[in-house]
Structures are given as C-alpha cells and as structure tokens.
Amino acid sequence: MLTLSDTQVEQFRNDGLLICDGLLDDPTIEQLRARFEKLFRGEFETGVLPDEVNWQDGRSDESLTRQICNGWKADRTIASVVFREDFGRAIAQLMDWPGTRVMIDNVLWKPVGARSLGFHQDNAYLHWFDPGTLCSLWMALDDTAVETGAMELVRGSHKWHHSKPEGEFHGPEEYRASMQTAATKEGVEPDIVYVAVKKGGGSIHHGWTWHGSGPNTGTQPRRSVVLHAMSSEARYNPDGFGTGTGPIYCRYKRFGSNDIDESFFPIIYRNDGYRTPGIDEFCNNEAS
Ligand SMILES: O=C(O)CCC(=O)C(=O)O
C-alpha cells in the first residue's frame with residue numbers, strides 16, 4: 001500500500017519528483033513480466049487492442065524501447081496495477097486533486113542494447129483536456145541502474161517555462177538536447193536524478209518535470225509499467241481538440257459534451273470514496 005508522509009508531499013512539490021520503494025511485490029512483478037512477453041507478441045488477454053502498440057515481436061526495430069499504451073484494455077494484470085486505489089490516493093494528495101483518473105498507462109521494455117528515450121515534458125502534449133496536467137507513477141520490474149538506461153528526472157524543472165513538443169521520443173542520438181536548451185533558457189544547470197531503484201520501486205513525477213532516459217548499455221533489461229494520471233475533474237478542451245496525443249485519445253469524446261467517459265479514462269480514486277463502477281469486476285475477470 002502506497003502512503004505518503006507530509007515530508008514526501010513537500011519534497012514532491014519542491015522537486016517535481018519523488019523516488020519510491022516497494023510499489024510492487026515479487027509475485028506481481030513475475031505476473032507482469034509474463035504479460036509483457038505476451039503483449040509484445042500480440043497476445044491480448046481481453047481480446048481488445050491497446051490504444052497504441054508501438055512495438056511487436058518480429059516486426060519492429062530491435063534497437064528501440066518496446067512500448068504499448070493503455071495495456072490495461074488488453075490485459076487485466078496490467079489493469080489491476082494501474083487501477084490501484086492507493087496509487088490514485090497518493091497522486092491526488094501530491095497534486096491536490098479531488099481525485100485521480102487514468103489518462104494512459106505505458107508498458108515499457110528497454111532491452112539490452114536499446115537506444116535512448118528523448119527528454120520531454122508530458123504536459124506539452126496534453127492541451128486536449130483541461131486541466132491539462134499529468135502526474136505519473138513509474139514502476140520498475142527490474143533492478144535499474146544508470147547503465148541499463150534508468151529514467152532521468154530533472155529536479156525542480158516542473159517550475160521551468162513550458163516548452164513545446166520537440167524532437168523524437170524513440171531513440172534520438174542527443175536524447176537530452178531539448179531539455180538542455182530549456183535549461184539554458186532558464187539559466188540553470190540541470191540537476192539530474194536517476195531512477196536507480198530495486199525492482200518494485202520507482203518514482204512519481206509532475207507533468208511539467210523534464211525526463212527521458214539513455215541507452216541500455218548494461219546486461220539486464222529495463223522493464224516498467226507507468227500510470228499516467230489526470231485529475232478526476234478533467235474535461236475535454238475544445239480549443240486543444242486533436243492536438244498533441246489528442247488524435248488518439250479524442251476518439252473517445254462524446255458528441256455534444258466535454259465530459260470524459262469513465263469507461264475509457266476510469267476514476268481510480270476520489271476523496272468522497274467514489275471509483276468508476278465496474279473497474280474492480282473488470283480486474284477480477286468478471287466483466288462481461
Ligand atoms: O521510461 C522512460 O525512460 C521514460 C518514460 C516516460 O517518458 C514517462 O514515464 O513519462
């Protein structure tokens with residue numbers, strides 16, 4: 001169970017990041033690792049495709065990080081992790097939100113030899129909803145280290161100016177370039193924090209915190225599941241419709257309403273006790 005102290009909340013607000021231990025237990029890590037194999041082979045337990053399948057066995061570039069977005073739709077083991085109420089509660093506490101919704105999950109597998117992931121600020125892609133702010137919980141399925149391409153978070157960078165989306169996400173040579181440009185504009189030296197944790201540990205970062213990761217030059221893979229969350233109060237923003245990641249996620253907008261449909265973006269915690277009906281049954285394989 002993830003619970004946060006007042007000191008951790010203050011640290012997150014100052015730094016825009018928090019390193020955590022013990023988010024996932026060993027049996028869950030083993031189950032998730034088995035699911036990773038299936039998902040990247042195109043075997044989807046629920047029969048439903050994830051929203052983004054950016055890597056598949058035998059068809060994709062071996063030097064890239066394997067990525068699937070909204071694996072929860074395809075796999076209930078992923079869903080049972082990203083729908084955890086305690087995760088939602090912790091994120092709401094950090095962000096001072098009345099509740100937490102899943103915006104997307106990421107299933108990430110950076111094998112030995114895989115290239116970098118370019119630095120970015122998540123919120124730069126999210127003008128299609130309002131408030132367009134994420135908070136992300138990143139969970140390691142392997143012990144991580146600088147040489148296996150640990151995620152890098154820049155302390156305090158959530159308070160920097162807001163940059164526009166720029167550069168490649170998958171495999172850029174100069175993976176820190178856009179962050180370095182932003183740091184220069186800000187007039188500061190970036191203070192990079194590596195998410196070098198034991199398996200089951202991870203980090204939480206603010207949607208404006210600059211982050212990315214280097215190549216895996218180690219001898220072990222770096223697998224992770226990420227919960228990218230938005231406020232339970234978030235609504236579609238007609239002014240940003242279809243921008244950033246909107247071309248994929250605005251497909252779920254209903255006619256004549258800016259309400260965000262909970263069947264696609266479930267509420268996993270709200271401070272009045274509400275959770276989207278049906279999500280626990282879905283995780284327990286009882287969904288029809
Ligand atoms: O795993 C990484 O290196 C980057 C992941 C990422 O961009 C994120 O969790 O927001």
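# Close-up views of a predicted model

**Figure 1. The whole chain.** Among contacts in the chain between residues at least 6 apart in sequence, 83% join residues at least 24 apart. Welcome to this structure, which is a predicted model. Its chain holds 7 helices and 14 strands. The radius of gyration is 18 Å, close to the 19 Å that the globule rule gives for 288 residues, so the chain is as compact as a globular protein of that length. Measured out along its principal axes, the C-alpha trace spans about 50 × 40 × 40 Å. Of the 288 residues, 47% are buried.**Figure 2. The shell around the ligand.** Which residues surround the ligand? They are N106, L108, L117, D122, S136, W138, M151, H211, S213, S224 and V226. Four stretches of the chain, β4 (99–110), β7 (135–140), β11 (211–213) and β12 (222–231), are the elements that give two or more residues to this shell. By character, the shell divides into 5 nonpolar residues, 5 polar ones and 1 charged one.

**Figure 3. An open sheet of strands.** Here 4 strands form an open sheet, and their order is β5-β11-β8-β9 with antiparallel pairing. At the edges stand β5 (117–120) and β9 (192–194); each has a single partner strand, so one side of each is left without a neighbour in the sheet. On average, neighbouring strands of this sheet are turned by 25° against each other, direction ignored. Strands of a sheet in general pair through backbone hydrogen bonds, either parallel or antiparallel.

**Figure 4. Where β5 meets β11, and the helix on the sheet.** The antiparallel pairing of β5 with β11 runs over 2 bridges. For H120, the bridge partner in β11 is H211. Helix α5 (residues 177–186) packs on the sheet, where it touches β5, β8 (151–154) and β11. The direction of α5 makes about 25° with that of β5. H211 also appears in the ligand view, as one of the residues around the ligand.

**Figure 5. Helix α4 and its cover.** How many of the 11 residues of α4 are buried? The count is 8, and the helix is mostly covered. The buried residues are F87, G88, R89, A90, I91, A92, L94 and M95. Their cover includes α1 (6–15), β4, β7, β10 (202–206), β12 and β14 (267–270). Just after α4 comes D96, with a positive phi of about 60°.

**Figure 6. Two residues with a positive phi.** Most residues other than glycine have a negative phi, and most peptide bonds are trans. N70 has a positive phi near 60°, although it is a residue other than glycine. This residue is found in the loop between β3 (66–69) and α3 (76–82). D96 likewise is not a glycine and has a positive phi of about 60°; its place is the loop between α4 (85–95) and β4. Are these residues buried or exposed? N70 is buried, because 26 other C-beta atoms lie within 10 Å. D96 is exposed, because it has 9 other C-beta atoms within 10 Å.

**Figure 7. A cis peptide bond.** Between D130 and P131 the peptide bond is cis, with omega near 0°. To find P131, look in the loop between β6 (129–130) and β7.

**Figure 8. A145 and its contacts.** A145 sits in the loop between β7 and β8. Buried or exposed, or something in between? A145 is partly exposed, because 16 other C-beta atoms lie within 10 Å of its own. Leaving aside neighbours within four places in sequence, A145 is in contact with A150, A196 and G218. A145 and G218 are 73 residues apart along the chain, and their C-alpha atoms are separated by 8.4 Å.

**Figure 9. Y236 and its contacts.** Strand β13 (residues 235–236) is home to Y236. Y236 counts as buried because it has 21 C-beta neighbours inside 10 Å. Not counting residues up to four places away in sequence, Y236 touches W128, F129, K253, N258 and I260. How far is Y236 from N106, C-alpha to C-alpha? The two are 21 Å apart in space and 130 residues apart in sequence. N106 is one of the residues that surround the ligand.

Conventions
Residues numbered from 1 in each chain as written. Predicted model: local features only at pLDDT ≥ 70, side-chain atom pairs only at ≥ 80, totals over all residues. Near = placed C-beta within 6 Å. Nonpolar A, V, L, I, M, F, W, Y, C, P; charged D, E, K, R; others polar. Buried ≥ 20, exposed ≤ 12 C-beta atoms within 10 Å, placed from the backbone. Contact = placed C-beta atoms within 7 Å. Pairing = 2+ DSSP bridges. Axes fitted to C-alpha atoms, helices over the stretch in contact; angles between N-to-C directions. Rg over C-alpha atoms; globule rule 2.2 N^0.38 Å.
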